[in-house]
2 protein chains.
Amino acid sequence: MNGVSHDLLVPPPTQLLKERIQVPQKRLLMGPGPSNCSPEVCAAGSLPIIGHMHAEIFRIMDDIKVGLQYVFQTENPWTLVISGPGHLAMEAVLVNLLEQGDTMLVGVNGLWGDRVADLAFRIGAKAVRMETEPGNAFSLQEIEAALVSSRPKVLFLVHSESSTGVMQNLDGVGDLCRKYGCLLAVDTVASLGGVPFSVDKLKIDAIYTGSQKVIGAPPGIAPISFGPRAVEVIKGRKTPVKSFLLDMKLLSVYWACSPGDVRFYHHTPPINLFYGLREALTAVVEEGLPAIWKRHEENANRLRDGITGMGLELFVKNPADRLPTVTTIRVPEGLDWKAVTKHAMEKFDIEIAGGLGLTAGRVFRIGLMGYNAYPEKVDRVLAALKDSIKMAKY
Amino acid sequence: MNGVSHDLLVPPPTQLLKERIQVPQKRLLMGPGPSNCSPEVCAAGSLPIIGHMHAEIFRIMDDIKVGLQYVFQTENPWTLVISGPGHLAMEAVLVNLLEQGDTMLVGVNGLWGDRVADLAFRIGAKAVRMETEPGNAFSLQEIEAALVSSRPKVLFLVHSESSTGVMQNLDGVGDLCRKYGCLLAVDTVASLGGVPFSVDKLKIDAIYTGSQKVIGAPPGIAPISFGPRAVEVIKGRKTPVKSFLLDMKLLSVYWACSPGDVRFYHHTPPINLFYGLREALTAVVEEGLPAIWKRHEENANRLRDGITGMGLELFVKNPADRLPTVTTIRVPEGLDWKAVTKHAMEKFDIEIAGGLGLTAGRVFRIGLMGYNAYPEKVDRVLAALKDSIKMAKY
């Protein structure tokens, strides 16, 4: 058949037969994500697979859509899930909003802004970098000045710069973008659900987040939402979107986002991850956003108090700029940070992360997200950090 | 905090609270994929989540890599998984191999070739369409003539045209591509694992498949492999890849594909889907490819005999061009095909698919893949088809 003989060029790899899959059962994920999932969310991942055009999956997708409209606090009909990680949602925002030669203004104060600027360059757009030191956020004045000088089609801001632990205040930015005739796109991968937020009140035109952070679902899919001004820009494009999978004009039909949309086969999405997200969103709705926001704030304060209480310094100087979901701690001079994270993992089975990009070697990062934002976990990670630093010092 | 009040603009959606997630437990998926997973693979989906930079996930990724080298029958070091559906693997092949203005020759005899040509256009390459009727494959002579006239950088062929049920014979095509100095890229989404095949013997330079077809893992990730000639082209690119997530120069490092690669954080992959794929590949290695190929051939023959035995006609005329994993059946004149598939689903909880693209309304499609390619399932789907056609006729 097909002329290929049945003789095997590559023999069966015996390493797959030696043992079944081995996964640690009790690891506590206190890095910047993925976070641990609840038992209910984990269990949903092994429900039977159904087809991507079956009535039951459409119902689950509809549930996910309204759940996400709630978490995003938006009435955007184009609220759905990208079938890939948060990185792919970033690409979806850029390839849909930008065409060859368009200008995007990007706030760069850590890894994520830098990544967005790189991606704009890759797809043939012009990225203007508005920069500040890692650990700082941008003021409204800085943003307005950059809008005036660059006159972009899109302003891109990272709300949760998880590489530095900075939260960008977005009050008034939406109005500025309307004043200067540009769209506002925002990355909330590490924050959405964990801080008071409303896409519509903040006048954000395009936004995405991760499934595996505050929402508490498995990684691999990314919630996204486009507002009416963004939809208009997408519908008025002169050139096709440089991706089929990410073309929102098609994908939004599969998600039946607009009245009259007749769902058609677009791609086969990760059905099991949809199950997990549906379960995770149910838990979010049950607890309620205000309670979840409060829980994250209280536990972030408990964590910060514990950190400063053991003589360590928070990396983000301005308390108003501190992200509750990812706390960054300055690595004390002379301390072997790798020995600390290694010890925390080996002795306590707890993940504490190092820095990323410009903060590599300079900070520890502790995540408090969703299922992990509870006092007992704060206390466990603080105890592990204390013991691990003590160990690394001697 | 961030100036957003805790008042909710969007109230909690009560539809998520009315009931927990509802998924049919016993549905038999006999369409062109996704296929049913084994209980072991399903169970793996709910193992605890670990981090994307933990030693345990690297070990699982290494196991997946050697498992995929076995299924692809290749020694390519750049053999890994794209963190997205098969569609994204298609995009990965194109954005890595093609630059602005490059020419790709695409065999178009159904939906998939058409999709590839569309995608080439989207990313700024030139797609030359080599066409034949749905239900036909391309001869070596046709391929050589098209290579001579178009002199492409890449020849793209769909090995398993699941919209028509055609399998493309690839014998000799690799040699032709070397003769005319182009790369050979192949889509095996619906076939890999189910028919005798070797990437290296066939001299294929870039190839991908789906997780949710013959391999029997959940949907949402896509195995891919690039040979040395493709790697050379990728490393010699003059312009950056139009995607960060799909940039193989970066992704291959996260997968530690080359000696000396030091894994770095690239993106957060769908950890749970990796678990499922690892389990599915273990089962493939346990049974062995020759036995799996034989099982698919035998059950495809059983299915075809049953179909012709009830007076129905196979859509693909040439027996040598028939894909064992997706069998297409001509819809008898005057028969309401939608009533047939609906009845099969409602009465038997069995998925039988209609056509796709140019075959819509013209064929039924029955998939026999992995966990479902067994005589008892063939007999169940045949019985359901017979009863449903009888019902639709009267």
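In this predicted model, B:Lys153 counts as partly exposed because its relative accessibility is 23%, and this residue forms a salt bridge with B:Asp102 in which the closest N and O atoms are 2.7 Å apart. B:Lys153 lies in the loop between α6 (140-150) and β5 (154-158) of chain B, while B:Asp102 lies in the loop between α4 and β3 (103-108) of that chain, so the pair ties together parts that are 51 residues apart in sequence. Its partner B:Asp102, at 17% relative accessibility, counts as buried, since buried means under 20%. The points below turn to other salt bridges, the relation of the chains, the cavities and one methionine.

**Salt bridges**

- Over all chains, a search of the whole structure finds 42 salt bridges, and, as a general matter, side chains of opposite charge can pair when their charged atoms come close.
- A:Asp114 forms a salt bridge with A:Arg129, with 2.8 Å between the closest N and O atoms; A:Asp114 belongs to helix α5 (residues 111-122) of chain A and A:Arg129 to strand β4 (residues 126-131) of chain A, so the pair ties together parts that are 15 residues apart in sequence.
- Both ends of that bridge are partly exposed, A:Asp114 with a relative accessible area of 33% and A:Arg129 at 38% relative accessibility.
- In chain B, B:Asp205 forms a salt bridge with B:Arg229, where the closest N and O atoms are 2.8 Å apart; B:Asp205 is in the loop between β8 (183-187) and β9 (206-208) of chain B, and B:Arg229 is in helix α8 (residues 228-235) of chain B, so this pair ties together parts that are 24 residues apart in sequence.
- B:Asp205 is buried, having a relative accessible area of 2%, whereas B:Arg229 is partly exposed, with a value of 24%.
- A network of salt bridges links A:Arg20 with B:Glu279 and B:Glu286.

**How the chains are related**

- Chain A is superposed on chain B by a rotation of 180° with 0.0 Å of shift along its axis, and the RMSD is 0.0 Å; that is the relation of a two-fold axis.
- The same surface serves both copies, for 100% of the contact residues of chain A recur in chain B.

**Cavities**

- Rolling a probe the size of a water molecule over the atoms shows where empty space is left, and a search of the whole structure finds five cavities of 30 Å³ or more.
- The largest cavity holds about 70 Å³ of space, and among the residues that line it are A:Leu88, A:Glu91, A:Lys242, B:Leu88, B:Glu91 and B:Lys242.
- At least two residues of the lining of the largest cavity are supplied by each of two helices, α4 (86-97) of chain A and α4 (86-97) of chain B.
- The residues of this lining divide into six nonpolar, two polar and four charged.

**A methionine in chain A**

- A:Met345 is found in helix α12 (residues 337-348) of chain A, and A:Met345 is partly exposed, with a relative accessible area of 22%.
- Leaving aside residues up to four places away in sequence, A:Met345 touches A:Arg27, A:Ile350 and A:Glu351, and also B:His54 of chain B.
- A:Met345 and A:Phe315 are 30 residues apart in sequence, and their C-alpha atoms are 22 Å apart in space.

Conventions: Residues are numbered from 1 along each chain as its sequence is written. Chains are lettered from A and ligands numbered from 1 in the order in which they are written. This is a predicted model: local features need pLDDT of at least 70, side-chain atom pairs count only at pLDDT 80 or more; totals for chains, interfaces and linings use all residues. Side-chain values use heavy atoms; hydrogens and water are left out. Copies are superposed by least squares on the C-alpha atoms of residues with pLDDT of at least 70 in both. Contact means heavy atoms within 4.5 Å. On a 1 Å grid over the protein atoms alone, a cavity is a set of points where a 1.4 Å probe fits but cannot get out, and a pocket is an open set with protein on both sides within 12 Å along at least five of seven lines; lining residues have an atom within 4 Å of a point. Grid points are joined across faces, edges and corners, and a volume is the space filled by probe spheres set on the points. Helices (H or I, at least four residues) and strands (E, at least two) are DSSP runs, numbered from the N terminus. Ala, Val, Leu, Ile, Met, Phe, Trp, Tyr, Cys and Pro count as nonpolar, Asp, Glu, Lys and Arg as charged, and the others, Gly among them, as polar. A salt bridge is a side-chain nitrogen of Lys or Arg within 4 Å of a carboxyl oxygen of Asp or Glu. Buried means under 20% relative accessible area, exposed over 50%, partly exposed in between (1.4 Å probe, protein chains only).
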